[in-house]
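Colleague: Could you take me through one part of this complex slowly, and then show me how the chains meet around it? I would be glad of a plain account that I can follow with the structure open beside me.

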Amino acid sequence: MNLTLKVWRQKHANDRGTIETYDAKSIPVEASFLEMLDIVNEQIVQGGGEPIHFDHDCREGICGMCSLTINGVPHSKEKGITTCQVHMRKFKDGDTIWIEPFRGKAFPVVRDLVVDRSAFDRIVSAGGYISVRTGSAEDANSLPIAKDRADSSFDAAACIGCGACVAACKNASAMLFVGAKAAHLNLLPQGQPEKDKRVLAMVRQMDSEGFGNCTNHYECEAVCPKQISADVISKLNRDYAVASTKEAFK
Amino acid sequence: MAANGSQKETLNSSVPDGPIAEKWTNHKNNSKLINPANKRKYSIIVVGSGLAGGAAAATLSELGYQVKCFCYQDSPRRAHSIAAQGGINAAKNYQNDGDSIYRLFYDTVKGGDFRSREANVHRLAEVSGNIIDQCVAQGVPFAREYGGLLDNRSFGGAQVSRTFYARGQTGQQLLIGAYQALSKEVAKGGVEMHSRTEMMDLVVVDGHAKGIIVRDMVTGEITRHAADTVVLATGGYGNVFFLSTNAMGCNVMAAYRAHKRGAYMANPCYTQIHPTCIPVSGDYQSKLTLMSESLRNDGRIWVPKSAEDAAAIRSGEKTAADIPEEDRDYYLERKYPSFGNLAPRDISSRSAKEVCDEGRGVASTGLGVFLDFRDAIERLGEDTIRARYGNLFQMYEKIQGSNPYKEPMMIYPAVHYTMGGLWVDYNLMSNLPGLHVLGEANFSDHGANRLGASALMQGLADGYFVIPATLPNYLANQEPGSVTTENEAFAEAEKAVTDRIDKLLSIQGERTVDSFHRELGLLVWDKCGMSRDKAGLEEALEKIPKIREEFWKNVRIPGTGEGLNAELEKAGRVADFLEFGELMCRDALNREESCGGHFREEYQFTEKDDAVISGYTNPGEAKRRDEEFSYVAAWEYTGDDSPPNLHKEELIFENVKQSVRSYK
Amino acid sequence: MFFEDLDPISLQNRGVVLNESGMNLLCQALCRFWQSSIGKKLIVAVTGIVLVGFLIAHVSGNMLIFAGREAMNDYAYFLHHFLHGAGIWIFRVVLVVAFVLHIVATIALTKQNRSAKVESYQNEATNVASKSSRMMIWSGLTVLAFVVFHIFHFTVRVDPELAGMKEPSGRHDVWGMIILGFQKPLVVLFYFVGISLLCSHLSHGIASIFQTLGWRSRKSSEAINKLGLTLSVVVWLGFLSIPLAASVVGFGVDEIEMPVTDVADIADIAEDNR
């Protein structure tokens with residue numbers, strides 16, 4: 001199949017950047033979206049140009065590295081998948097495809113479609129963990145956890161930290177990401193001792209990174225490749241209200 | 001061609017004395033300790049942030065050491081440990097089904113086809129339980145029963161249920177646990193994290209590993225980092241085959257650079273091929289996707305009996321449904337009637353290759369066999385099959401665009417894990433003092449074949465429990481901070497790195513990096529893949545240097561060394577694969593036996609063997625030669641133009657009797 | 001600008017440190033609460049509840065129009081005199097505080113949101129967000145303008161004609177004022193637009209209250225969305241029924257009593273009615 005690509009090209013963080021047009025010729029329909037970009041890149045390199053840079057690693061939908069938007073939607077319109085799981089058979093011959101980086105002030109572009117998502121790491125560092133020194137844990141079965149609670153915790157823990165939620169949000173809010181991490185840990189008995197501290201610290205870090213806030217559009221939920229529910233945002237709001245009330249009055 | 005240069009002294013593995021069950025305890029009791037006030041004076045470099053590296057960096061920082069951790073991804077949370085699906089083994093015996101540390105130890109040694117070091121494997125089994133405790137305390141949401149206790153499943157190579165799991169994302173959950181522990185230490189200032197940073201060389205000062213040279217992948221800046229010891233946890237080398245289930249970025253550069261600086265590379269020919277992956281569909285393909293092995297519980301594997309039918313399917317003239325029952329060859333059921341479609345990984349992978357080599361493959365490339373659920377759907381109904389495999393079927397449909405409920409799946413084996421790696425002693429220290437190697441990057445625990453759910457166990461055991469206990473044995477004898485980046489060894493290594501980059505950028509030839517990688521991958525897959533023979537390996541050993549030579553003359557890398565340059569990154573990695581691939585073939589040629597993931601066609605059971613006559617095993621099964629090859633082959637780099645030296649570590653089995661694996 | 005001063009990022013940029021030892025810990029906690037994005041959102045939600053409650057009471061009271069002049073004017077008289085006339089002032093203060101906080105917080109949040117997305121997509125796409133949800137700030141600000149007009153129209157009564165309407169007993173004729181007030185097509189049109197935007201605002205706002213206060217879940221989301229939509233439609237119908245009845249249907253037009261006082265007495269009458 002033949003396609004027209006409109007790709008964001010930006011040499012480095014301080015470059016202005018612009019959309020450039022490429023013809024993607026004779027792309028096999030069985031190819032994945034990133035393989036299509038590989039083919040285009042191979043042609044660009046052979047033609048003496050510099051390839052389109054994009055983040056990718058596992059190419060099986062779990063590492064969370066791939067990060068571009070396809071026709072304005074992070075990871076494409078298809079539900080519950082990452083960019084690397086998009087296949088060309090979903091497109092029609094002659095289609096024009098817009099490929100742009102994830103947008104958000106907290107996700108500065110590094111080059112082309114590659115963005116810096118280290119803000120997420122700093123949010124996790126602020127409180128997205130349970131402080132347990134290696135070797136100090138008691139027996140794993142000493143604390144039973146109801147199955148549905150463990151399952152809910154898992155649902156939130158399935159987050160791959162890709163940042164699609166931020167990219168899809170018109171406010172570039174990281175609430176789904178932060179909510180998922182907080183819910184994963186706050187739902188477990190092991191996470192209780194640090195619950196309030198965790199929520200306050202993560203939200204403060206999130207704000208200082210320059211993410212916007214949630215205006216309840218649920219675009220994040222719609223594009224999340226792991227289909228994490230906006231329930232985690234609701235829970236984060238509640239946990240934050242409780243934690244800040246305690247901070248003020250207790 | 002001679003497989004090796006001169007043979008040197010037997011390697012000292014520093015395995016402690018005493019009965020196997022007491023070795024680890026004794027060793028810890030006799031290991032050196034560093035008092036808390038002194039720990040903070042020592043600095044440690046950890047390269048890699050997966051299960052082994054992440055766990056090690058977090059734990060060493062908790063203990064008070066100053067840790068610098070490096071990873072090439074944009075975040076430590078993305079290391080490829082994340083992709084492990086199945087689970088993690090631990091000898092907890094929560095199911096009361098008779099499991100024990102000894103049984104896990106025994107199963108792992110046997111599963112490794114008696115090519116691993118007993119003492120290391122026993123230690124692995126000993127700490128396995130602690131791993132589960134640690135992970136649960138960190139908040140890893142393992143699957144649970146309704147009573148609230150942890151659930152287990154059974155996995156290949158074991159008769160007990162000892163595998164802990166978190167849906168099909170166990171690796172992800174464990175990695176996030178380690179990543180969170182690491183993040184906590186980053187916040188406390190104990191770990192300095194460098195992501196998007198690639199290790200380009202190891203710095204050796206007076207025979208000790210004392211630092212690394214890295215490239216900041218965003219700015220292109222080359223920097224020096226010195227420490228009192230270096231820990232490599234950089235994963236396996238499966239991407240030497242170009243197509244594998246590894247992540248695109250997985251590479252052998254760090255390990256291979258260490259090898260070139262004096263560390264021995266052990267058993268590089270031990271590679272694991274996973275039988276149920278989605279077949280290659282064309283030469284644009286960038287990687288292979290693994291489908292869970294559990295599919296083989298209900299799917300039947302077959303190809304047409306005749307090559308004509310297979311050709312008709314390939315060309316689209318016929319479909320699977322057009323082949324009548326009597327013309328189908330359910331070859332696993334035929335050859336291994338008692339195990340059938342559940343034959344072990346290496347056996348079923350090789351059988352798939354055999355039928356495809358006979359021209360009976362069904363995928364458009366000729367490399368693929370059917371995995372058919374027709375009978376299971378008839379027997380159990382579509383709903384039951386959907387409940388069991390729904391998500392896998394969905395994943396398959398997304399990638400292949402065909403509906404497995406209606407048409408049989410197509411599968412083919414793919415490279416998945418590498419058991420070989422840098423040689424380490426019982427302390428996980430390489431022959432190069434000060435260099436420690438953890439996880440898939442070392443060779444120690446899986447022998448010639450790894451059992452399912454053991455990779456996660458090993459990574460975390462090494463990172464959380466082994467290295468924190470064994471590292472002081474080296475560090476206590478070192479003056480903290482004695483080496484700085486001012487040392488001339490750093491200048492020399494940095495120059496070597498920048499020279500290499502300049503050289504790569506100056507070639508400006510005609511071919512892309514990927515085209516070389518693909519060429520190398522096809523060659524080693526063909527000659528050193530699922531089955532190997534002397535002639536093929538010798539052919540590969542002749543061809544690889546030619547590809548390498550052309551690479552250094554004709555590769556085209558656009559752009560400069562400054563800033564993000566993906567082609568330059570790939571080129572450095574492929575350049576090392578081009579050398580490493582040769583070493584792998586050399587090791588495969590040297591090992592004149594078949595064991596685990598290494599199958600030499602010359603060494604298989606035939607009708608004349610006693611074990612076949614007695615009915616214990618089948619003709620065509622792997623034949624080990626314990627008398628001659630019960631050793632670890634550790635290769636020493638001697639120069640670009642001279643063959644490597646072979647060092648042997650004899651494997652002594654005091655607790656498990658070496659026997660023939662049989663699956664009849 | 002006021003909200004700029006309280007913007008967390010601008011505070012940090014100016015190096016304001018909030019954990020000085022002398023500072024009252026409660027104040028410090030409240031400051032941090034206000035500074036945080038979720039804190040401001042919680043304020044928007046809680047004030048939203050107050051405002052929604054007011055709207056429901058307001059629209060219910062307004063329905064007395066259809067019960068006739070007597071009922072309406074009794075109700076208005078009661079509102080102005082319960083708790084010896086203090087009731088309405090307590091009520092007004094609460095309402096004004098809620099209204100101001102609601103606006104100040106949302107404007108601050110909007111500024112933060114704008115700055116979080118510096119560059120937008122050349123090829124923009126929306127998956128699930130409703131139109132109402134995407135224009136909250138604009139519907140909100142238009143409603144603000146409308147409310148100001150509405151207060152001048154019926155509460156302050158800048159129009160002497162409306163201000164001077166009295167019952168024979170001397171009590172202010174609210175019923176007549178409303179009917180008369182809606183005889184101008186432009187006024188009715190503005191009410192139509194204002195109320196419609198208000199209800200668009202409500203349709204997203206009411207459901208959002210639940211999410212922001214942490215009372216929404218995947219299971220309850222559909223019910224909550226329906227509640228928000230139903231309430232806003234009811235409020236829309238309730239409020240608009242009056243201007244439409246008065247202008248289009250001609251409800252009560254025949255019974256409007258012409259004002260009996262002249263312009264000079266306006267101030268006294270307004271005083272009486274407070």
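**A helix of chain B and the contacts of chain A**

Modeller: Happy to! Let's start with helix α3 (residues 51-63) of chain B: its 13 residues, at 1.5 Å a residue, should span 18 Å, and the end C-alpha atoms are indeed 18 Å apart, so expectation and model agree. Please keep in mind that this is a predicted model. Of the 13 residues of α3(B), 13 are buried, so the helix is largely enclosed by the rest of the structure. Just after α3(B) comes Gly64(B), with a positive phi near 115°.

Now to how chain B meets chain A. Here 66 residues of chain A are in contact with 63 residues of chain B. On the chain A side, the elements giving two or more residues are α1 (33-46), β6 (109-111), α2 (118-127), α3 (147-157) and α5 (175-186). The largest share, 7 residues, comes from α1(A). By class, this side of chain A divides into 30 nonpolar, 19 polar and 17 charged residues.

One helix pair between these two chains is worth a closer look. The axes of α2(A) and α6 (residues 170-188) of chain B come within 7 Å and cross at roughly 85°. Because angles of 65 to 115 degrees count as roughly perpendicular, that is how α2(A) lies to α6(B). From α2(A), the contact uses Asp121(A), Val124(A), Ser125(A) and Ala126(A), while α6(B) brings Gln180(B), Ser183(B), Val186(B) and Ala187(B). Sorted by class, the residues of this contact are 4 nonpolar, 3 polar and 1 charged.

Chain A also touches chain C, with 42 residues of chain A in contact with 41 residues of chain C. On that side of chain A, β5 (96-101), α6 (195-208), α7 (219-223) and α8 (231-249) each supply at least two residues. The largest share is that of α8(A), with 11 residues. The side of chain A that touches chain C has 15 nonpolar, 16 polar and 11 charged residues.

Finally, a word on confidence. The predictor gives the complex an ipTM of 0.97 and a pTM of 0.93. Chain C averages a pLDDT of 85, and 85% of the residues score at least 70. Among the elements of chain C, helix α4 (residues 37-62) has the highest mean pLDDT, 96, and helix α1 (residues 2-6) the lowest, 43. The pLDDT is below 50 over residues 1-22 of chain C, a stretch with 22 contacts in the model beyond near neighbours in sequence.

Definitions and conventions: Residues are numbered from 1 along each chain as its sequence is written. Chains are lettered from A and ligands numbered from 1 in the order in which they are written. This is a predicted model: local features need pLDDT of at least 70, side-chain atom pairs count only at pLDDT 80 or more; totals for chains, interfaces and linings use all residues. Two residues are in contact if their C-beta atoms, placed from the backbone, lie within 7 Å. Helices (H or I, at least four residues) and strands (E, at least two) are DSSP runs, numbered from the N terminus. Ala, Val, Leu, Ile, Met, Phe, Trp, Tyr, Cys and Pro count as nonpolar, Asp, Glu, Lys and Arg as charged, and the others, Gly among them, as polar. Axes are lines fitted to C-alpha atoms, for helices over the stretch in contact, and angles run from 0 to 180 degrees between N-to-C directions. Angles under 35 degrees count as roughly parallel, over 145 as roughly antiparallel, 65 to 115 as roughly perpendicular and the rest as oblique. The expected span of a helix is 1.5 Å times one less than its number of residues. A residue is buried if 20 or more other C-beta atoms lie within 10 Å of its own, exposed if 12 or fewer, and partly exposed in between; C-beta atoms are placed from the backbone. pLDDT is the predictor's confidence in each residue, from 0 to 100.
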